[in-house]
Amino acid sequence: MSDAVRAGANAGATSLDPDDWDALRADAHHMLDDMLDYLAGVRDRPVWQPIPPKVRAGFAEPLPRGGTPLPDVYRRFTEDIAPYATGNVHPGFMGWVHGGGTAVGMLAEMLAAGLNANCGGRDHIGIEVERQIVRWLRELFGFPQTASGVFVTGSSMANFMALLVARTAAVGPQVREGGLPGERLTAYASAAAHGCVVQAADLAGLGRGALRRIPFGKDHRIDLAALKRRIAEDRAAGCLPFLVTGSAGTVDVGAIDDLAALAALCRDEGLWFHVDGAYGALGMLSDEIAPKLKGLSEANSIALDFHKWGQVNYDAGFLIVRDGEQHRDTFAAPAAYLRRETRGLAGGSPWPCDYGPDLSRGFRALKTWFTLKTFGADRMGAMIAHTCKVARHLEARVAREPELEVLAPVTLNIVCFRYRAAPDVVDALNAEIVADLHESGIAAPSSTTIDGALAIRAAIVNHRTTFADVDRMVDAAMKFGAERVG
């Protein structure tokens with residue numbers, strides 16, 4: 001036996017590669033065909049269905065010590081996993097701001113998994129693809145060439161990282177070594193801002209109270225006069241205001257703060273201006289939506305999710321920072337094992353790990369690159385504008401029904417409404433209607449509270465959702481409401 005054959009035989013005892021590549025290829029093609037059928041036939045299934053107790057109990061099994069043939073594992077997937085997913089690929093999913101994904105993104109994710117690239121750093125093409133996305137966002141948002149960007153899990157992480165960059169810009173890089181002794185940093189955001197903006201202050205060690213939640217008006221935009229007063233009060237009390245976060249699409253109703261006015265205020269006050277654009281920032285792709293985002297290009301940093309309006313398959317969050325040096329000063333951490341060279345695989349510095357806390361990172365940029373390259377910015381923008389048209393159709397439909405009422409202005413693609421009923425039962429009734437809709441499999445809206453009233457909240461984010469889908473939801477909501485009122 002030759003040395004090469006002997007080495008291969010020895011490796012076979014521990015390698016996880018298949019013994020029969022042809023058999024694996026057949027299994028793989030079967031799985032791919034099934035998933036394409038799953039997407040193509042999405043309307044033939046319920047949006048969501050509850051997990052049966054028997055199926056749930058099956059996932060309490062102990063750690064498997066022996067292996068199971070791949071076809072058997074896949075059969076378990078088709079029977080016990082695929083039918084009980086979140087449902088956000090379905091056009092009837094309207095509950096939370098989840099994108100629907102695409103078949104293109106699914107294929108790109110498969111390719112990325114095959115490459116299995118760690119995109120924390122080093123000189124390989126995965127890093128260059130991510131830099132391409134940074135360049136495209138600079139162009140889209142009107143940011144300078146010095147702007148930096150990095151993929152993260154989602155906007156919760158991006159908003160947290162932006163706060164850290166703003167903190168470093170306010171008190172200097174020494175904060176990374178000595179912390180914040182004696183500093184009373186304060187940050188500001190609308191009371192309508194996403195909860196992760198408050199959580200960011202908590203995670204950064206500032207305390208949740210350091211994030212001042214400013215009231216908003218009837219239009220659900222931050223009250224600028226109240227913001228100015230609070231900043232002045234905090235300065236007078238010896239605090240150090242350092243950050244204002246504007247919302248480009250609030251979580252409850254999709255309102256957009258006056259970003260241009262916030263940018264001017266931050267310039268006057270010497271504050272970092274960050275925008276939580278988790279889904280709304282990509283409205284810049286649409287000529288119809290972009291004017292609503294005036295002032296976005298003046299931000300110091302923007303958080304966004306390609307997996308929402310961008311329809312990239314989960315997960316693909318992003319942070320872009322106007323001043324790349326300030327961004328890098330916040331996260332770069334030289335270490336011997338991260339030594340940089342001028343040639344070879346250890347070249348290509350700076351690396352993505354210099355702009356965030358993750359060293360081990362998947363190739364999120366590939367599915368984003370595939371999506372933007374395949375569909376193009378114009379088609380993506382038209383899709384985004386269409387979701388807003390569907391929302392306006394839903395708003396008009398609700399307004400025509402005497403049994404229903406709209407509870408908040410519709411700025412983008414979120415419609416909050418409810419079934420009318422007596423004050424003492426209206427909230428409980430609408431909560432039941434939401435659950436009825438989920439369990440029917442027809443639609444999956446969520447609920448929220450608007451001015452103290454429980455609302456049915458429909459977020460039209462999925463590119464597959466049509467006028468007919470929202471009409472079907474309204475029809476079902478009215479039916480369930482009438483049945484419960486009796």
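Colleague: Why is Arg484 called partly exposed?

Modeller: This is a predicted model, and in it Arg484 has a relative accessible area of 42%. Partly exposed runs between the buried limit of under 20% and the exposed limit of over 50%, so 42% puts Arg484 in that class.

Colleague: What makes Asp436 and Arg484 a salt bridge?

Modeller: Their side chains come to 2.7 Å, N to O. The cut-off is within 4 Å, so the pair counts. Asp436 sits in helix α14 and Arg484 in helix α15, so this contact ties together parts 48 residues apart in sequence.

Colleague: And why is Asp436 called buried?

Modeller: Asp436 has 14% relative accessibility, and buried means under 20%, so the label fits.

Colleague: How do you know that Glu432 forms a salt bridge with Arg484?

Modeller: The closest N and O atoms of Glu432 and Arg484 are 3.5 Å apart, and within 4 Å is what it takes. Glu432 lies in helix α14 (residues 426–440) and Arg484 in helix α15 (residues 467–485), so the two are 52 residues apart in sequence. Glu432, at 38% relative accessibility, is partly exposed.

Colleague: What makes Arg235 and Glu269 a link between distant parts of the chain?

Modeller: They form a salt bridge, with the closest N and O atoms 3.1 Å apart. Arg235 is in helix α10 (residues 224–236) and Glu269 in helix α11 (residues 259–269), 34 residues apart.

Colleague: Why does Leu107 count as partly exposed?

Modeller: Leu107 has 31% relative accessibility, between the 20% and 50% limits. Leu107 also forms a nonpolar surface patch with Met110 and Leu111.

Methods: Residues are numbered from 1 along each chain as its sequence is written. This is a predicted model: local features need pLDDT of at least 70, side-chain atom pairs count only at pLDDT 80 or more; totals for chains, interfaces and linings use all residues. Side-chain values use heavy atoms; hydrogens and water are left out. Patches are made of residues with over 30% relative accessible area and no salt bridge: like charges are joined within 9 Å, nonpolar side chains (Val, Leu, Ile, Met, Phe, Trp, Tyr) within 5 Å. Accessible areas come from the Shrake-Rupley method with a 1.4 Å probe; for residues, only the protein chains shown count as cover. Buried means under 20% relative accessible area, exposed over 50%, partly exposed in between (1.4 Å probe, protein chains only). Helices (H or I, at least four residues) and strands (E, at least two) are DSSP runs, numbered from the N terminus.
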